[in-house]
Amino acid sequence: MPETLAVTSNTADGVNEQDAASGGRSTTTSGAWQRLLTAKFVTGTTMVLLIVMFGIVAPFFSQNPRKIDNVGLTPPGGGHLLGTTQIGQDVFAQLAYSTRGSLIVGVAVAALILALSALFGILGAYIGGTTDEGFSLLSNVMLVIPGLPLVIVIASYVQQKSVLLVILVLGLTGWAASARVLRAQTLSLRNRDYVLASRVAGERSWRVICVEILPNLLPVMSSGFVFGIVGAILAEAGLSFIGIGASGSLTWGTMLAGASDGQALLFGAWWWFAPPGLMIALLGTGLSLINFSIDEVINPKLRTYRVRAIRRGGPHRKGSVEPA
Amino acid sequence: MQVLKKLLFYLIALFAAVTLNFAIPRLLPSNPVDILLGKLAQQGPIPPQTRKSLQLLFGADPSVPLWRQYVDYLHSLVTGDFGVSVTYFPAPVVSVIGAAIPWTLALVGLTTVLSFTVGMAIGTIAGWRRGSWVDSLVPATTILHSLPYFWLALVLVYLLSIRVGAFPLSGGYDVRHTTPGPSWDFIASALHYGFLPALTIVISSIGAWLLGMRNMMVSTLSEDYIVTAEAKGLHPMRIMTTYAARNAALPSIAGFAISLGFVVAGSVVMEQVFSYPGIGNAFLLAVQNNDYALMQGLFLVITMAVLGANLVVDLLYQFIDPRTRART
């Protein structure tokens, strides 16, 4: 099995120094929340919330994003906050609607991936036996078949694509990695004493899964969900950019494709091609920051070896903070 | 036994890919054969065996049962008959792929090696000297990682090609003044044209290597054998390279081999930005021209490269890292 694919996954020990300074290792929920409220988490959440608010609110105030005008390629200023495209469409309005479009695709695909990976990962590992082997074989096969080419092949056979179809294709081709992670976690959880105890006590399977196992998987699943959003938005942008995204939709990818087709580069229309890319980068960065913070809360290992590594040497010779 | 099991798995995966390739055009509501024949007819008379071979690939002939179509399809794949390309009519798909592969291999292969080497080196130092200025590069890589790389390519083209004029906008070499061949003119031209695509790939992929290596270094440094090495009073340089980096690099080496497999897939979207004459560009041209035969051929070649690389990693990894042998 391609064991190796999972190793570069995100057990990222982000750089969190203030956390070590705050000391107190409380295992209560409120302690976990306090640990989560780091500068990194707050920055990330603020970035993401601002973009989401922009996507929800701005379309109500902006102009019609498709309205063609004879003021092509005007720089920002005046009636057009971010200038116009080659055929005089308002870039700000396009950006507002694209933000909404891209966010919808991202969240929908991530939700679909979450559902599929939970089905194949958790259920398979819990039931075990042939079901597990079958599900695990399926996800391993899906994992080694290259995703983007497969998506391109599928998407190119359908001439008129709806947003829903793009979401389905991205979801159906993207769940494997996350299913593998969930399977590994579930395998280790299902033999814990409290799970065995509840099974011996005669709990029904769905209750064991939902009440005993699922809560312990939530951090992993939420981090997978966050990465799913970024991945889906990037994949959709790539698809739209090469011209096989959803027909007639407005997303950051279609904006970039429009800018590229409309020779925005040659005309130096930076206000057209810069904003969508920056929005993707900002959203991605914000979500990654959130993910690093979640990681540090749920993975005690990262905290332990951080302190030991500081003791080992280097510029910060603080001495051991961690109780043995 | 282990080896056999792995081989079997990759056979199944290959079989799944081939079957997907067979099933997708038949499941989706369009008729590629008619679209293709329409396109081909514009370019000249169609010999009857072309229709036959297209129907084999895409299965539009309702009189043949599905299992028979499948057997014929497998047979034509095994004999290397991928059909005729519409985009490059009348070249067969196999020769189109053969012409595109060297470009992608050279560009993406070299840049993958380059960004791996540099990323690993910086990652080693960042993990070794935590909290120093090298380590502060790490948050920056997060941003680079979330950039859509085709957008990065657009920005680089805008700044370096259009504003500064240092590099050509697109293409693989100077078509007017050089011809492909082992001449210095051609190589120099190819290097000049390849610089921006290469820079894009390096910038957007270096972060992942850097971050992965840095994190592995950090966790390796907390191992007991590092403490032992320190206690023995070994030179720090030696601890960093021979004790820490050597072990920390293992997962990245596996990832590197896999990404070599993806070299053939090229950076599909990147090649679109630069109109680079590689696999990705051929793939996109195939998509735009409804060139289903070429598209399917390319998909199979890409899949086989990725599967092959994964298999090699799987087989070699237990020799590189003996610890995994006990675990599996």
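A polar contact is a pair of N or O atoms within 3.5 Å, and within protein one of the two must be able to donate a hydrogen while the other must be able to accept it. The legends below describe a predicted model.

**View 1. Domain 1 of chain B meets domain 2 of chain B through four polar contact pairs.** Across the interface of these two domains of chain B, the rule finds four residue pairs in polar contact, with both residues of each pair at pLDDT 80 or more, whereas the number of salt bridges found across the interface of domain 1 and domain 2 of chain B is zero. On the side of domain 1 of chain B that touches domain 2 of chain B, the helices α1 (2-27), α2 (32-43), α3 (48-58) and α4 (66-78) of chain B each supply at least two residues. The helix that gives the most to this side is α1(B), with 10 residues, and the residues of the side divide into 15 nonpolar, one polar and two charged.

**View 2. The two domains of chain B and the area buried between them.** Chain B is divided into domain 1, at residues 1-79, and domain 2, at residues 93-324, and the centres of these domains of chain B, taken over C-alpha atoms, are separated by 32 Å. Their contact takes 18 residues from domain 1 of chain B and 16 residues from domain 2 of chain B. Between the two domains of chain B an area of about 1600 Å² is buried, and carbon and sulfur atoms give 70% of it. K6(B), Y10(B) and N21(B) supply 37% of the area that domain 1 of chain B buries against domain 2 of chain B, which is more than any other three residues supply.

**View 3. The interface of chain A and chain B.** Here 57 residues of chain A are in contact with 70 residues of chain B, and the area buried between the two chains is about 5600 Å², of which 75% is given by carbon and sulfur atoms. Across this interface of chain A and chain B the rule finds zero salt bridges and one residue pair in polar contact, both residues being at pLDDT 80 or more.

**View 4. The side of chain A that touches chain B.** At least two residues of this side come from each of α5 (129-144), α6 (147-157), α10 (205-241), α12 (270-298) and α13 (300-312) of chain A. Among these helices α12(A) gives the most, with 11 residues, and the residues of the side divide into 37 nonpolar, 13 polar and seven charged.

Terms used. Residues numbered from 1 in each chain as written. Chains lettered and ligands numbered in written order. Predicted model: local features only at pLDDT ≥ 70, side-chain atom pairs only at ≥ 80, totals over all residues. Heavy atoms only, no water. Contact = heavy atoms within 4.5 Å. Buried area = accessible area lost by both parts, 1.4 Å probe. Salt bridge = Lys/Arg side-chain N within 4 Å of Asp/Glu carboxyl O. Polar contact = N/O pair within 3.5 Å; in protein donor to acceptor, adjacent residues only side chain to side chain. Helix = DSSP H or I, 4+ residues; strand = E, 2+ residues; numbered from the N terminus. Nonpolar A, V, L, I, M, F, W, Y, C, P; charged D, E, K, R; others polar. Domains from an automatic or database assignment.
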